[in-house]
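Here is a small set of exercises to work through at your own pace. Have the sequence and the 3D view open, and try each task before you read its solution.

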Amino acid sequence: KAPDLSLKRDIPAPGDTLITPLSDEKRFNIDLGFAKRFKDAGDITVTGFYTNRKNAAQYTGILYADTLGVQKEYLTNVDLHTYGLDLVWKSSVFADLVSGIINATFMRTYNLTNGTYVRYERIPETQINGWVNFQKYGFTFSVFGKYVSRYIGDSFVTKSTSSQKIYVGDYVNLDLSLAYTIPDMPISVYGRIINVTDQKFTTVSPVYPDYGRQFSIGVRGTF
């Protein structure tokens with residue numbers, strides 16, 4: 001279903017204000033994969049997928065103010081076809097100490113316009129993330145990593161020309177955490193550093209950059 005209160009705007013001529021409701025999205029998915037467990041190496045899953053999205057919602061870069069005066073961006077409908085491969089490796093526990101998971105997704109999306117397929121750049125084509133755990137004597141040290149390839153993110157951006165492309169993504173994020181579980185108690189204390197390298201990246205638009213390095217400490221309990 002189309003996002004609530006979303007609007008579609010077609011502009012046949014400058015200054016036109018014809019507004020019509022956004023059409024509901026229709027989606028068709030196919031997944032085909034296999035999984036294999038290796039005694040020493042762990043579990044591996046490989047999945048190929050295809051997604052057909054008719055009337056998917058896309059931001060247009062055209063702004064308007066709603067009845068409350070809040071600035072919003074018009075949406076439009078696009079037809080998208082995505083082909084991709086998803087890989088997951090979940091390791092065994094090595095030396096009674098180390099374990100981890102790696103997940104990688106590679107995909108290519110096309111926009112069907114007037115019977116022609118055009119490469120769609122508003123979705124990242126490569127995403128790789130994973131973590132490694134070191135666990136001993138009640139302590140757990142974890143390293144989390146994520147890579148996202150570049151893609152277009154021009155919401156609320158004033159472009160010099162309508163054909164200008166504004167890219168976001170193309171970053172590596174690294175998080176660290178250390179936790180200690182108190183013996184014979186359902187309580188653990190932890191500390192975490194998010195975005196260790198203080199990368200300056202954005203996932204939506206340059207107008208809305210993501211946070212830099214962050215620190216947190218806390219206590220978890222189960223009762």
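The exercises below go from the overall fold to individual ring contacts.

Before starting, note that this is a predicted model, in which local features need pLDDT of at least 70, side-chain atom pairs count only at pLDDT 80 or more, and totals for chains, interfaces and linings use all residues. Residues are numbered from 1 along each chain as its sequence is written, and side-chain values use heavy atoms, with hydrogens and water left out.

**Exercise 1.** Work out how many helices and strands the protein has, and how its radius of gyration stands against the globule rule.

*Solution.*
- Step one: take helices (H or I, at least four residues) and strands (E, at least two) as DSSP runs, numbered from the N terminus. The result is zero helices and 14 strands.
- Step two: compute the radius of gyration over C-alpha atoms, and the globule rule as 2.2 Å times the number of residues to the power 0.38. The protein has 22 Å, well over the 17 Å that the rule gives for 223 residues, so it is more spread out than a compact globule.
- Step three: look at the principal axes, along which the C-alpha trace spans about 70 × 40 × 35 Å.

**Exercise 2.** Count the aromatic pairs and classify that of Phe139 and Tyr180.

*Solution.*
- Step one: pair rings of Phe, Tyr and Trp (its six-membered ring) if their centres lie within 6.5 Å; planes under 30 degrees apart count as stacked, over 60 as edge-to-face and the rest as tilted. This rule gives five aromatic pairs.
- Step two: Phe139 and Tyr180 have ring centres 4.5 Å apart and planes at 40°, so their pair is tilted.
- Step three: Phe139 belongs to strand β9 (residues 139-148) and Tyr180 to strand β12 (residues 171-181), so the pair ties together parts 41 residues apart in sequence.

**Exercise 3.** Are Tyr171 and Phe201 buried or exposed, and how do their rings pair?

*Solution.*
- Step one: the rings form a stacked pair, 4.0 Å centre to centre with 5° between the planes.
- Step two: Tyr171 is in strand β12, while Phe201 is in the loop between β13 (187-194) and β14 (214-221), 30 residues apart.
- Step three: call a residue buried under 20% relative accessible area, exposed over 50%, and partly exposed in between (1.4 Å probe, protein chains only). Tyr171 and Phe201 are both buried. Phe139, at 42%, is partly exposed, and Tyr180 is partly exposed at 26%.
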